[in-house]
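Colleague: I'd like to take a close look at one part of this model, with somebody walking me through it slowly. Could you start at one end and work your way in?

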Amino acid sequence: MDWESTFYLRHLPESNMAEIPDLSDEYRKVMKEFAVKLEKLAEELLDLFCENIGLEKGYLKKAFYGAKGPTFGTKVSNYPPCPTPDKIKGLRAHTDAGGIILLFQDPVVGGLQLLKDGEWVDVPPLRHSIVINLGDQLEVITNGKYKSVEHRVIAQTDGTRMSLASFYNPGSDAVIYPAPALVEKEAEEENKQVYPKFVFEDYMKLYAGLKFQAKEPRFEAMKAMEATAPIATA
């Protein structure tokens with residue numbers, strides 16, 4: 001278990017804010033405005049990623065679109081003081097399943113760590129800043145040019161940590177696969193494609209039970225599913 005309490009606000013394709021109890025009208029208004037601006041930022045970042053790795057502008061945004069567009073929502077998290085932080089994590093180590101994660105950290109209480117070169121690195125509280133994290137779907141679509149980032153939250157004995165993590169993910173029926181232009185480039189360099197093709201919803205069903213395990217077996221499992229039931233690309 002994790003030392004964390006949360007609730008989730010869905011923005012796209014349809015908002016669920018009206019269904020969440022105990023939210024003030026002012027909160028709902030501000031959160032709606034917040035979501036519109038973060039959605040725009042996520043799409044701007046996707047285009048910057050395209051430019052950086054040589055994909056045509058708009059490719060990643062289009063790759064995220066299902067029949068109803070992308071899915072987008074915000075997880076509101078609270079990490080209260082923990083009396084035994086040596087025995088429990090605030091949030092166990094994992095990579096995120098989706099696309100781009102836009103994180104507002106608590107400005108005072110830390111705890112977020114990223115795994116880099118086999119070492120856990122602290123991400124200190126950053127007031128008025130957004131931490132950009134990348135999920136498994138971007139790793140697949142970019143054929144590994146971008147990697148999803150393993151991270152965790154360390155429980156603290158003093159202070160309550162709060163965070164807002166907004167997830168800009170593919171639509172549930174979006175077909176996810178490596179960008180052909182990047183696969184062709186890899187082939188020229190004698191590197192073969194290692195990522196599978198799958199429907200995002202199918203990946204999420206697998207991820208639900210394997211979130212806190214390594215991502216590579218998840219990719220292998222989806223590759224095995226693809227081999228038995230190939231998915232056509234629209």
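How many bridges join strand 1 to strand 2, and do the two run parallel or antiparallel?

Modeller: Seven bridges join them, and strand 1 and strand 2 run antiparallel. Before we go on, keep in mind that this is a predicted model. To get your bearings in that pair, find Tyr8, which stands opposite Lys75 in strand 2.

Now stay on strand 2 and look at its other neighbour. Nine bridges join strand 2 to strand 9, again in antiparallel fashion. A handy marker here is Asn78, whose opposite number in strand 9 is Met162. Strand 2 is also mostly covered, with seven of its nine residues buried. As background, in a regular strand the side chains alternate between the two faces of the sheet.

On the far side, strand 4 and strand 7 are joined by four bridges and run antiparallel. One place to spot this is Leu103, whose bridge partner in strand 7 is Val131.

Put those pieces together and you get an open sheet of five strands, in the order 1-2-9-4-7, with antiparallel pairing. At its edges sit strand 1 (5-12) and strand 7 (131-134), each pairing on one side only. From one strand to the next, the twist averages 20 degrees. Helix 1 packs on this sheet and touches strand 1, strand 2, strand 4, strand 7 and strand 9 (161-169). The direction of helix 1 makes about 130 degrees with that of strand 4.

That packing brings us to the inside of the model. In soluble globular proteins, nonpolar side chains tend to be buried together. Here the largest nonpolar core has 41 residues, and those with the most contacts inside it are Leu46, Phe49, Leu55, Tyr59, Leu60 and Leu138. Several elements each supply at least two residues of this core, among them strand 2 (71-79), strand 4 (100-104), helix 2 (59-64) and helix 3 (136-141). Helix 1 (25-53) gives the most, with ten residues. For a close-up, pick Leu46: leaving aside residues up to four places away in sequence, Leu46 touches Leu60, Lys61, Phe64, Ile100, Leu138 and Tyr168. There's also a second, separate core of ten residues, which includes Leu91, Leu112, Val131 and Phe167. You've already met Val131 as the bridge partner of Leu103.

Next, the rings. A pair of aromatic rings is described by the distance of the centres and the angle of the planes. In this model the count comes to eight aromatic pairs. One of them is Phe34 with Phe104, a tilted pair with 5.6 Å centre to centre and 50 degrees between the planes. This pair links distant parts of the chain, as Phe34 belongs to helix 1 and Phe104 to strand 4, 70 residues apart. Phe34 counts as buried because its relative accessibility is 19%, and buried means under 20%. Phe104 comes out at 26%, so Phe104 counts as partly exposed.

Another pair, Tyr203 with Tyr207, is stacked: 6.4 Å centre to centre, with 25 degrees between the planes. These two are separated by about one helical turn because they are four residues apart in helix 5. Tyr203 and Tyr207 are both buried. Ring pairs also tie them into a cluster with Tyr195, Phe198 and Phe219.

Some rings have a charged neighbour too. Arg92 lies over the face of Phe212, 3.8 Å from the ring centre. Likewise, the charged end of Lys197 sits over the ring of Tyr177, 5.3 Å from its centre.

Finally, don't miss the other sheet. Four strands form an open sheet in the order 3-8-5-6, with antiparallel pairing. Its edge strands are strand 3 (91-94) and strand 6 (119-122), each pairing on one side only. Neighbouring strands of this sheet are turned by 25 degrees against each other on average, direction ignored. Strand 3 pairs with strand 8 (residues 151-153) over two bridges, in the antiparallel sense. To find that spot, look for His94, whose bridge partner in strand 8 is His151.

Conventions: Residues are numbered from 1 along each chain as its sequence is written. This is a predicted model: local features need pLDDT of at least 70, side-chain atom pairs count only at pLDDT 80 or more; totals for chains, interfaces and linings use all residues. Side-chain values use heavy atoms; hydrogens and water are left out. A nonpolar core is a set of buried Ala, Val, Leu, Ile, Met, Phe, Trp, Tyr and Cys residues joined through side-chain atoms within 4.5 Å. Buried means under 20% relative accessible area, exposed over 50%, partly exposed in between (1.4 Å probe, protein chains only). Contact means heavy atoms within 4.5 Å. Two strands pair if DSSP finds at least two bridges between them. Axes are lines fitted to C-alpha atoms, for helices over the stretch in contact, and angles run from 0 to 180 degrees between N-to-C directions. Rings of Phe, Tyr and Trp (its six-membered ring) pair if their centres lie within 6.5 Å; planes under 30 degrees apart count as stacked, over 60 as edge-to-face and the rest as tilted. A charge sits over a ring if NZ of Lys or CZ of Arg is within 6 Å of the ring centre and within 35 degrees of the ring normal.
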